[in-house]
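Dear colleague,

Please find below the structure that I am handing over to you. My notes on what was found in it follow directly after.

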Amino acid sequence: MLRRMIDPFGRHISYLRISVTDRCDFRCVYCMAEHMTFLPKAEVLSLEEIERLAMAFVRNGVERLRITGGEPLVRRNVISLFEGLGSQIGRSNLKELTLTTNGSQLSRFARDLAAAGVKRINVSLDTRDPDRFKTITRWGDLGKVLDGIDAADAAGLKIKINTVALKDVNENEIEELMLWAHGRGFDFTLIETMPLGEIDGDRVEQYLPLSLVRARLAKNFHLEDTDYRTGGPARYVRVAETGGRLGFITPLTHNFCESCNRVRLTCTGQLYMCLGQDDNADLRAPLRASQDDAVLDKAIADAIARKPKGHDFIIDRQHRAPALARPMSLTGG
Ligand code: SAM
Ligand code: SF4
C-alpha cells in the first residue's frame, strides 16, 4: 500500500535531501569560513544507517532523493550508497535519485553514478574564469570541474548548472555562463545567496537580487514563462534565443514556501523540516534504538507534523548576522 506524508499545511512531502557529509574540498566564500570546524566522525551516520533512514522515508511516501553535502563525492565509499538506493528505483515509491556536487570528483565517479541509476545531477559552478574560480571557491581547481562536467556528459547524465549570483563577483558573467550552459545542452539555474552559516565576508556585499538579474537578461533575451518543474524550488523560463531552460531560485525576493514538498536530513541524522528554521528532529536515536521500522516511522511522522509554514530570511543592513548559524553544508543546498 502506498503511504503519503502530509504536513499540517496540507503539503505532500515527497522529496528528501540528504547531506552525507559536512566536509568539502572547496571553501566557497558564501558557504564556509576558510577554517571550518567539521563534525567529529563519530557523530556521523554510517552509509548503511543513511540508507536505512532514506528507505524509511521512501516507505512513507518519499519519491525523490537528492544526495548532497558538503561535497557528497568526497565521502569514502559513497558510491555504495548510490548503488543501494539506486537499486530501489521503480521497486518502491522511489522514482528518482539525484546528486548535487561541486564537480571536483566527477571524472572519477560519473560512470559509477550513471550505472547506479542516477539520471540527472546538479553541478555548482559560479564562474568559468580560473582566477575568479579560485577567489570564489578558495581551494577549487576549475580545470578539474570542467573535466568532471565532460565526464558526466559523456556518461549520459543530464546536467543542470547551478550558479549563485554574487554582486560584483560574477554578475557580469551570468549571461555568458547561461550561453555556455545552453550551448552544451545543460539547464541553467541561478540562486540567490541565503543567510546561512558564519562566513568570513559580508553577505550584504554578496547579495544580488535575481529580480535585477532577470530584468537585465530580459533586455537581451526573450524569457518565456513555463510551468516546467523538477520537484525543486526553481521557477523556469525558456530562453527563446538559446532554446534552453533558465531557472531562478529566489528564497529572498520570492517566498517559495507555499509549495514546499521537502525535508532535509543531516549526516548526523537530524531532520530539518525547513531550510530556514532551526527546529529539527533527531532520527539517529530512534534509528539506533531499534531495528523495528515502526519506531522509525513514528519518529518521522512526528517530525513531519512539526513542519513549519515557512522561513523568514532577510538580508539587509540591519540584519548582517546570519539568520541561522547552521551552514548550508550541514543540510545541503
Ligand atoms: N558541495 C556541493 C555543491 O557545491 O554543489 C553540494 C552542497 S552545496 C551546500 C549545495 C548548493 O548550495 C550549491 O549550489 C551552493 O552554491 C549552494 N549554497 C551554499 N551556500 C549558499 C548560500 N549561503 N546561499 C545560497 N546558496 C548556497
Ligand atoms: Fe563546498 Fe558546495 Fe559549500 Fe562550495 S557550496 S564550500 S563546494 S559545500
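**Surroundings of the ligands**

Ligand 1 has 18 residues around it, and those that come nearest are Tyr30, Gly70, Thr101, Ser124 and Met194. Please bear in mind that this is a predicted model.

Three of these residues may be described by their polar atoms. Tyrosine 30 places a polar side-chain atom 3.0 Å from an oxygen atom of ligand 1. Glycine 70 takes part through its backbone, with an N or O atom 3.0 Å from a nitrogen atom of the ligand. Threonine 101 likewise has a backbone N or O atom at 3.2 Å from an oxygen atom of ligand 1. Taken on its own, ligand 1 has 540 Å² of accessible area, and the protein covers 96% of it. Sorted by class, the shell around this ligand consists of nine polar, six nonpolar and three charged residues.

Ligand 2 is surrounded by Cys24, Phe26, Cys28, Cys31, Met32, Gly70 and Asn102. Its shell divides into five nonpolar and two polar residues, with no charged residue. Glycine 70 therefore deserves a second look, since it is listed around ligand 2 and is also among the residues that come nearest to ligand 1.

**Aromatic rings**

How many aromatic pairs does a search of the whole structure find? The search finds three. One of the pairs joins phenylalanine 26 and phenylalanine 133 in an edge-to-face arrangement, with 5.8 Å from centre to centre and 90 degrees between the planes. Phenylalanine 26 belongs to the loop between β1 (15-19) and α1 (47-59), whereas phenylalanine 133 belongs to helix α4 (residues 130-137), so the pair ties together parts of the chain that are 107 residues apart in sequence. Both of these phenylalanines are buried. Phenylalanine 26 is also one of the residues around ligand 2.

Tryptophan 180 and phenylalanine 186 form a pair as well: their ring centres are 5.9 Å apart and their planes stand at 80 degrees, so this pair is edge-to-face. Tryptophan 180 counts as buried because its relative accessibility is 13%, where the cut-off for buried is under 20%. Phenylalanine 186 is buried too, with a relative accessible area of 3%.

**A charge over a ring**

Finally, arginine 245 and tyrosine 228 should be mentioned. The charged end of arginine 245 sits over the ring of tyrosine 228, at 3.5 Å from the centre of that ring.

With kind regards

Note on methods. Residues numbered from 1 in each chain as written. Chains lettered and ligands numbered in written order. Predicted model: local features only at pLDDT ≥ 70, side-chain atom pairs only at ≥ 80, totals over all residues. Heavy atoms only, no water. Near = heavy atom within 4 Å. Polar contact = N/O pair within 3.5 Å; in protein donor to acceptor, adjacent residues only side chain to side chain. Areas by Shrake-Rupley, 256 points an atom, 1.4 Å probe, with all protein chains shown as cover. Nonpolar A, V, L, I, M, F, W, Y, C, P; charged D, E, K, R; others polar. Phe/Tyr/Trp six-rings, centres within 6.5 Å; stacked < 30°, edge-to-face > 60°. Helix = DSSP H or I, 4+ residues; strand = E, 2+ residues; numbered from the N terminus. Buried < 20%, exposed > 50% of the residue type's maximum accessible area, 1.4 Å probe, protein only. Lys NZ or Arg CZ within 6 Å of the ring centre and 35° of its normal.
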